[in-house]
Structures are given as C-alpha cells and as structure tokens.
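Welcome, and please have your viewer ready. We will go from selection to selection, with a short stop at each.

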Amino acid sequence: MMHSPPAGLRRAQNSPDGGSRDFSRRSALMLGAAAVAATFGLSGCSAVLPETDVAAANFGKNPSGTIRFWCRATAFKPAQLIVDKYHRAQQAVRIDLTVLPEGQMTTKLATAIRGGSVPDVVAPDSVTTPVFSTRDALTDLTPLINGLPYAEYLNKPLLDVASFNGKIYGLPALSNVSQLFWNKELYEKAGLNPEKGPGNYAEYLEHAAAVQSINGVSGVTFTGNSAGILGYVIQPHFWADRSPFYNGPLGHQQAAVLGNEPLRRTLELYRSFYREGLAQPGAEADSGAAWGQDFLKGTVGLFPGSYDLVVGSATPEFLDKLGVSAFPGPDGNVSQFSGGAVLSIPRGAANPGAAWDFIRFVGELEQQSELAALGWYPVRSDILKTGFAEKFPLMVPGMERMNEGFAAPTTLYTQLTNTVQSPWLAMFREAVFSQEALDDVLQRGHEETARVLKVNQA
Amino acid sequence: MTTTTPYQTQLQTGKSGKTGKKAPRRASRRDSYTGMLMLAPAVLLVAVFVIVPLVFAVVISLTNWPLVGEVKFNGVENYVTAFADTVFWGSILYTLGFAVISTALGIAVGYLLAMLVRSNRRGAGLIRTAVFLPYVIGITSLSFVAILEFRPDSGALDQLLLNLGITSAPTAWLLDGTSATVLIVLLGTYVGAGFTMIILMSGMQSIPEELYESAQIDGAGRWKQEFLVTVPLLKRYLGLLTVMGFIGAVLAFTQFFIITGGGPGTGTLTTMLYVYNKAFGDLQVGYATALSFVVVVIAAGLTLIQFRVMRED
C-alpha cells in the first residue's frame, strides 16, 4: 500500500505553475527579512535613557513616593544607617535598599540600563562611576552640586572621578582612604622617632630595616597577591609624583609604564623589601584573606593599609600606639587612595526628585559624622572645624590631605588594576618576586597595559 | 494486491474519484490550514526560543553592542579582532588541554570505581552513595570549599602535605597556573566520577555472565576479560561519556570563576570565562557574542570528529 503525502502539500509540490511553492518561498523570505529587519531595528536602538532636567524650577520640590537605592556589600552598614535616619527624618519618601554582592555593580547596573529599568540612586565603588558617566548613563547633577552651600568643601578627587566633560554626575557620599600605619612602640625599640613615619623611599627602607632588627618582627607587611589591595596601597606611592601607569583623557588613555621613574622606583622599593627579608613571611602568596592581621598582633612595624580595617579590628590600647600618614613618594611628595562611593541618579530613574532629596541628606554634616564612627572618611573637609579631630584623631591626617588623594580617573580601573588578569598585578608580582630584569618586566607591563587600553577603548 | 480507494485516487490525480471533476480548492486549503495550525505551536516555540535569538545573536555579533551606550554596526570587525586576539586563542588552547585531560581522567577514575561496585557485594551500596554524593552537592558549593582547603595558611591540603612531610613550607597552590589547573582537574574528577561510575556500572551489569564464562574457558584472565569483553561492550557508554565530558569541559566556567578567576594572570583562563569577562566585565557584548560563535564552531567541529571516530569504530 502506498503512502501519500497530505493533499495540500502534494498539490503544492506538483503545481504546474509552481505558485504555491513560490508562495511558500516568498513567505519564508519575507519572514526571514522581517526577522532580520526587526533585529537590525533593535540594534539601531541604544541603551541611553532619557535624562531628567534637574535645572527645572520644580525639580526635587515636595519629594514623595519610593526610591530604589543600590549599594555594594562593602557599604551596606553606612547605607543602612543613613536610610534609617532618612526614614526617621521624614515620612514622604521611602527607600527600598538593595545590596549587591561585591564586584557585581557594573554588571547589574549595566544590565538594568540595557533593560530600561534602573534604580533611582546608585552608590558604586568610586572607580566604577566613570564607566557609566562616560556612557551617558547618569544624570548631570552639576547645577545641584554646585548650588550646595558646602560645595567648596567636598572631596575633590571623588568629585573629579564623578566628572566627565565638565559635568558632575554624582555627589561624594563616603570615602575610604588608604594610609601608611606604623607601630610607635616598635619604632621606639628600634631607635626611631615614633612620631615621624617615613617621608621618602630611603627613609621607608631604613625604617623597615630598623624595625626588622627587633627579634621576631617584620619590617613591613603587604599582600603580594591581591590586585585590589595592591592598587589601593601601592599605587599612591607613584601617584605622589603624579605618575600613574596610564594617562590621558578618558576614553583615549595611553600606557605610561616605560620611562615612568616613580613607578620603577616603587617596584624597586618593594623588591628590596622582599629580597632583603624585610617583608612578612609569605608575602608572595598573601591574597589578603588575613590582610594586616600580623600588624594588629604587633609583629610588624609598618603597614600600608586601610583605616577601617585597623580601627575596626584593633583594641583601644593598640590604637594609642599607632602613627599614621599618607604614602610617601620617592622623594618626599605624598598621596593616598581616595576610594569610597559617589551617589548618582541613573538616567531613566522613576523618581529622580526624591532621589536628589536623599542624596542631599547624605551630604549633610550630621550624617557625615555618623559615617566616620563606622570607619568611613567624611567627604567634607569643613567637618574638621567641628569636634571631629578629638573624636577621630587617626582620621585627621587623611582628612587634612583629602584633596591630595587620587581616585583613579579611568573607565578601565578594573581591567588595568583590579583583576587577576590585570597588567598591574602581573607587573608588580614579576618585579617584586621574580628574578627577572626589571627592564623586561616594565617592557611587558607597558605592552600589556597598552593592549588592555586598546581593546577596551576601541 | 493493492486496492485504491476513491480518496487515494483523488490525492494521486487531483481529481474527484467519482466524477473526474477538479477537487474544490477550498477543501484542500482547509487541510493545509489544519496542518499549519497543528504545526504552529511547535514552530512558534522553535522560532521564539531558537531562531529569533540565534538571528539576534548573529546581529549582535556584527555590532559593538555595549551593555551601556550607543550601538554601532561594525560588520565583521569583531570576528577579525577575534582571530587576532592572542588571549582568546590562548584560552582556547588551555581549554582544549583541560578538556582532554579532565575527560580522560574522569572516565578512567569512573571506570575503576564502576569495577569496584558493579557486583552487589557487601558495602557496594555505601561506596556508590559516597562516590555519587559530590555530584549531588554540585561543583559550585565544592568550589567554595576548595578555596578554603587549598589556602596556604589554613587549608587542609597544605596541612596534610606538611604533616606527611611531602612539603616543607606552606604552598600557595592557586598562585601557579599548573598547580591550580591540576587541583581543578582533580576537583572536577571528584565531582563527576560518581556520575561516570553509575553510567558505566549499569553498562557492566547488562553484560551477560555467559560471555565472561566463555572467555574464562578460553583461558582469558581477569584483566583480559576486562579489556576483551567488558570494554568493547561498553563502547557506546564510553562514547557517550566522552562526548558529554568533553563538551562539559569545553564549557567549564563555574569552578574557574570561583576558584581562580582565570588567574594567576591568564594561567587558568578558560574560553567561557574570557567570553563572560568580555560581556559582563568589559561590557562588550557584541565582541563576546562573536567569540561565542567561534567557540560554537570549534566545539561543533570537535564533536563531529568524535562522532565520526566512534562511528568508524
């Protein structure tokens, strides 16, 4: 018995004029073309969301409703503190706080922008803000920030990192500052002046060697295998001479490793620490899991570290033994990393008026004082005119040098510094821990930095 | 003898079997529409979830498609860049090496375990459960555990090796690309061996006992029986496991993302991790999609070769 195809199909196949076949082919082609056109049509759209006119007369007047606020896990405590205070201070605006896992802000916010559903306020790591400000993703807050009565006292490095093409896209909210700590008790035992930390590389090496001479004590402790921490505490050394390993305007930056004498001398300094046995045992493998714990135990003389880590973990007695300063450059200049968070309003936010009301609230002096109690540096220098110095003496040097800090103005901080694949980590490790000639390491570091900049700025 | 019904005559001639007049077009169209209607749900699902995303992905790969910012059509530039991207090709080579080693080791260990538990002797059930447990726990959880246990200061691995006198000082295993790769391969084998064991064990248990008795009568010893009877009869199972294991290893992401992040440097950078970093770290979705298509072509080619080899066998 023969099997025949269904009537319709068979007729189409046998049609003398081929009309049905043509119809099918034409339909298929049209459908395909429509699909391609639709997708190309989609590709023609962009992820630039509409921007609110913050200069409008009624902007931010009588704020109400709910705002969505995204912060990263590190800033959860201060964010929750401020949100609770804001809720107590008024009833009209409620905040829905979302805490993102560390390292997820860029991906989550970018995806939200592409999806067209963004939060009203975001507090990314300060080095992440340029990723979005340079891509037309944030609201221009220039007139609002310049109009604040305390605008002149704001943390300048953080304002710089929030700025692009003369516009300001965020208000500095809180800061964490890298500092060089030393143990005064060990300094005294080593015959050093406990009130004065190293002012240049020669002194740094000399101090570390003197402390090392005490039995059972290391001169200095640093994490040899954490890209983020190394960026935070080592790069300020050569930033002190305004010599980052990349430079140029955002989006058009160039590698600046070769010929960068402050960078070279910084790597030589840490190579000396390691080769001369002045660093803590295991520095090469230290990934930061127990960052600074040896210093807090009193077995290390010098610690390039972070205020919140030291103050959050040390006993009051130990804190009395500490000296603190910014990082010395090769010949006496100083710098520090001005990290922290900048509060921004993404374009397309549903409630930007209320979002600004909250941001303005965070900047007030009362809130800034409370952030200091949690270990975060305030972002206003006028706080030093209050009783701040008595309450937070170890914060004073960092606050006084607030505007000498560096906040890494680049859209590629993650790629250049903050990952295991970064040219910075490879260059530091090879320069400090390997036996390779420094010239070769720097040559490779330059090439790799140039490659990363090229592929990401194309 | 065949008989032809009037309806079949109508189908074959396109004419009415009774009158010889042309069939009414409306009735045939109705049949056609019915067929199309019945196919529609399946076609719709395939179109929405396969065809359109695939076409869309092709389009994305021909643009810069940043997650944030203006989209610009750039033709085949992403593909040209991919072919000159030394990091990408380095990750391909690394991934293929990882896939070959981890697949081979996984099958070898799974086979040995299957030999151990294929008979229902006392304690076999306990061993099966114990070996299968890591597969149930999953590689994500075990990767986080591995980070702790591979640490140089407090990890169990270092403590064990120090106590046995094999090493004399704490070792940062994850700081070296080779040692990190070895540990990740071992972790993958630990997790996947249970699954391989179960598949091969079921295959072994389906082999008739008479074949072994015949081989024994012919003078074959224990290992000869294994290689001349068991292995040939398990070829289909081994082939399946090879293809699955290889594709899984080529797509490896989780354990590398959690344990090493692809480091030190690019020492453990797999292709999928590189594609992920490009898409969600560098926000270059267009380029990452182009890289994905290159990976698809390579993986498909290798899988076809595997199938061809198995068929010839």
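A residue is called buried here if 20 or more other C-beta atoms lie within 10 Å of its own. By that definition, buried residues make up 50% of the 458 residues in chain A. Keep in mind throughout that this is a predicted model.

**Stop 1: chain A as a whole**

Select chain A and colour it by secondary structure. You should find 22 helices and 14 strands. Now think about contacts between residues at least 6 apart in sequence: in chain A, 77% of these join residues at least 24 apart.

**Stop 2: a three-stranded sheet in chain A**

Next, show β1 (residues 65-72) of chain A together with β2 (93-100) and β3 (121-123) of chain A. These form an open sheet of 3 strands in the order β2-β1-β3, with parallel pairing. Which strands stand at the edges? They are β2 and β3 of chain A, and because each has a single partner strand, one side of each is left without a neighbour in the sheet. Turn the view to look across the strands: neighbours in this sheet are turned by 20 degrees against each other on average, direction ignored.

Zoom in on the pairing of β1(A) with β3(A), which is parallel and runs over 3 bridges. To see one pair of residues, pick A:Trp70, whose bridge partner in β3(A) is A:Val122.

**Stop 3: β10 and its partners**

Select strand β10 (residues 300-306) of chain A. Is this strand mostly covered or mostly open? Mostly covered: 7 of its 7 residues are buried.

Add strand β6 (residues 171-183) of chain A, which pairs with β10(A) in the antiparallel sense over 5 bridges. Here A:Leu180 stands opposite A:Pro304 of β10(A). Then add strand β7 (residues 218-220) of chain A; 2 bridges join β7(A) to β10(A), and these two run parallel. A:Ser218 has A:Val300 in β10(A) as its bridge partner.

Stay with β6(A) and bring in strand β11 (residues 322-325) of chain A. β6(A) and β11(A) are antiparallel and are joined by 4 bridges. A:Leu180 appears again at this pairing, with A:Ser325 as its bridge partner in β11(A).

Show the side chains of β11(A) before leaving. In a regular strand the side chains alternate between the two faces of the sheet. In β11(A), A:Leu322 and A:Val324 point to one face and are buried, while A:Gly323 and A:Ser325 point to the other and are not.

**Stop 4: a covered helix in chain A**

Now select helix α21 (residues 423-433) of chain A, where 8 of the 11 residues are buried. Display their side chains: A:Pro423, A:Trp424, A:Leu425, A:Ala426, A:Met427, A:Phe428, A:Ala431 and A:Val432. What do these buried residues pack against? Add α10 (227-233), α12 (261-275), α20 (413-416) and α22 (438-457) of chain A to see their packing partners.

**Stop 5: chain B as a whole**

Switch to chain B, with its 14 helices and 0 strands. The C-alpha trace of chain B spans about 100 × 75 × 30 Å along its principal axes. A compact globule of 313 residues would have a radius of gyration near 20 Å, whereas chain B has 28 Å. Buried residues make up 32% of chain B. Of its contacts between residues at least 6 apart in sequence, 65% join residues at least 24 apart.

**Stop 6: two crossing helices in chain B**

Select helices α4 (residues 86-117) and α11 (residues 235-250) of chain B. Their axes come within 8 Å and cross at roughly 145 degrees, and the crossing is right-handed. On the α4(B) side, the contact includes B:Thr95, B:Phe98, B:Ala99 and B:Ser102; on the α11(B) side, B:Leu238, B:Leu241, B:Thr242 and B:Gly245 are among the residues involved. By class, this contact has 8 nonpolar, 6 polar and no charged residues.

**Stop 7: B:Gln306**

Keep B:Thr242 on screen and pick B:Gln306, which lies in helix α14 (residues 285-312) of chain B. B:Gln306 and B:Thr242 are 64 residues apart in sequence, yet 8.4 Å apart in space, C-alpha to C-alpha. Leaving aside neighbours within four places in sequence, B:Gln306 is in contact with B:Thr242, B:Val243 and B:Phe246. Why does B:Gln306 count as partly exposed? Because B:Gln306 has 15 C-beta neighbours inside 10 Å.

Key: Residues numbered from 1 in each chain as written. Chains lettered and ligands numbered in written order. Predicted model: local features only at pLDDT ≥ 70, side-chain atom pairs only at ≥ 80, totals over all residues. Axes fitted to C-alpha atoms, helices over the stretch in contact; angles between N-to-C directions. Left-handed = near helix turned anticlockwise from the far one by under 90°. Contact = placed C-beta atoms within 7 Å. Nonpolar A, V, L, I, M, F, W, Y, C, P; charged D, E, K, R; others polar. Pairing = 2+ DSSP bridges. Rg over C-alpha atoms; globule rule 2.2 N^0.38 Å. Buried ≥ 20, exposed ≤ 12 C-beta atoms within 10 Å, placed from the backbone.
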